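Here are a few friendly notes to read alongside the structure. Please keep the view open while you go through the points.

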Amino acid sequence: MAKSSHMMKSGQSVASQPANAGTGVSRRVVMVGGLAVAVTPFDGSLATPAGARTVFFIETYKKLVGEKEPELRDVTIEILETAENGNTVPFTVNVRSPMTPDEYVKTITLLSTGNPQAVVGTFHFSLHSGRASVSGRMRLARTQDVIAVAELNTGMLIRGETNVQVMIGGCGG
Amino acid sequence: MITKPRIKLPDGAKVGDIIDVKTVVNHVMETGNRKDAEGKPIARNIIASFVAKFAGTEVFRAEFGPGISANPFVSFPMRVTGPGQLDVTWSDDLGQSLTETAILLVVIE
């Protein structure tokens, strides 16, 4: 049930411009969405445009995947489309894989594009897993995209993405 | 404080099945982003590490970030190789560690 959403174009330049230094805009609220770089003062609203990414996310994501955007395939994220309460949102990440010694999923990294910290969790599988799936409960500070990146035994990375509308944000404000 | 660890294993598992192991533990999962009434930051204290071993062999491991909710619940898959002991260990930023044990029983056909 992963929905497609606006993805970051590879090679897109993302700048946390020092232009906002004098405006009292904190680094935390600099969002980069689509192709436009939008620097907006935080107005307390939880609504952020689909495809928006925090600077934290962009830095973390680049470290995780390098320059090449992982292919969008075989990774599904089951999560509410609309979460009433961002403090505890159940999720399940599934990766389609036979989980044999020749072909298995090593790790799933779950990322949030709009939380203060981008990595929600890293989950390591083994040949004893039998299946590459994990469920848990996550915090969502605001409406945002949730991305799961799976690392295969070959070192290849694949990903899944979905968007969650959040009514009341979690993460302690 | 890590308290009240719980592990749920299915009844009637057979060798070769892939079961879901459900775990939950009580913990505040303090993100480190919040401030107290005086405006001082509250130090981060989350369960950062989760390790599951079956019959002494690691079968699943996770690192949590502050984005995992309080009282973390995790469900992970495991292929049944036979009856045995499952040990799950949670460790937090303050160095506290807690291990809970569950016994997997297997139905013989």
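1. What does the secondary structure of chain A come to? There is one helix, together with 12 strands. Please keep in mind that this is a predicted model. Reading chain A from the N terminus, the elements follow the order β-β-β-α-β-β-β-β-β-β-β-β-β.

2. Now for the chain as a whole. Chain A has 173 residues, and 46% of them count as buried. Its accessible surface is about 8000 Å², with 55% of that belonging to carbon and sulfur atoms. If you take the contacts in chain A between residues at least 6 apart in sequence, 66% join residues at least 24 apart.

3. Next, have a look at a sheet with strands from both chains. This open sheet is formed by six strands, in the order S5(A)-S7(A)-S10(A)-S5(B)-S2(B)-S1(B), with antiparallel pairing. Strand S5 (75-79) of chain A and strand S1 (3-8) of chain B stand at the edges; each has a single partner strand, so one side of each is left without a neighbour in the sheet. From one strand to the next, the twist averages 15°.

4. At the chain B edge, S1(B) and S2(B) pair in the antiparallel sense over four bridges. To find your way along this pair, look for Ile7(B), which stands opposite Thr23(B) in S2(B).

5. Finally, a loop residue. Thr31(B) lies in the loop between strand S2 (18-26) and strand S3 (47-54) of chain B. Is Thr31(B) buried or exposed? Thr31(B) is buried, because its relative accessible area is 4%, and buried means under 20%. The side chain of Thr31(B) reaches the backbone nitrogen of Asn33(B) at 3.0 Å.

Definitions and conventions
Residues numbered from 1 in each chain as written. Chains lettered and ligands numbered in written order. Predicted model: local features only at pLDDT ≥ 70, side-chain atom pairs only at ≥ 80, totals over all residues. Heavy atoms only, no water. Helix = DSSP H or I, 4+ residues; strand = E, 2+ residues; numbered from the N terminus. Buried < 20%, exposed > 50% of the residue type's maximum accessible area, 1.4 Å probe, protein only. Polar contact = N/O pair within 3.5 Å; in protein donor to acceptor, adjacent residues only side chain to side chain. Contact = heavy atoms within 4.5 Å. Areas by Shrake-Rupley, 256 points an atom, 1.4 Å probe, with all protein chains shown as cover. Pairing = 2+ DSSP bridges. Axes fitted to C-alpha atoms, helices over the stretch in contact; angles between N-to-C directions.
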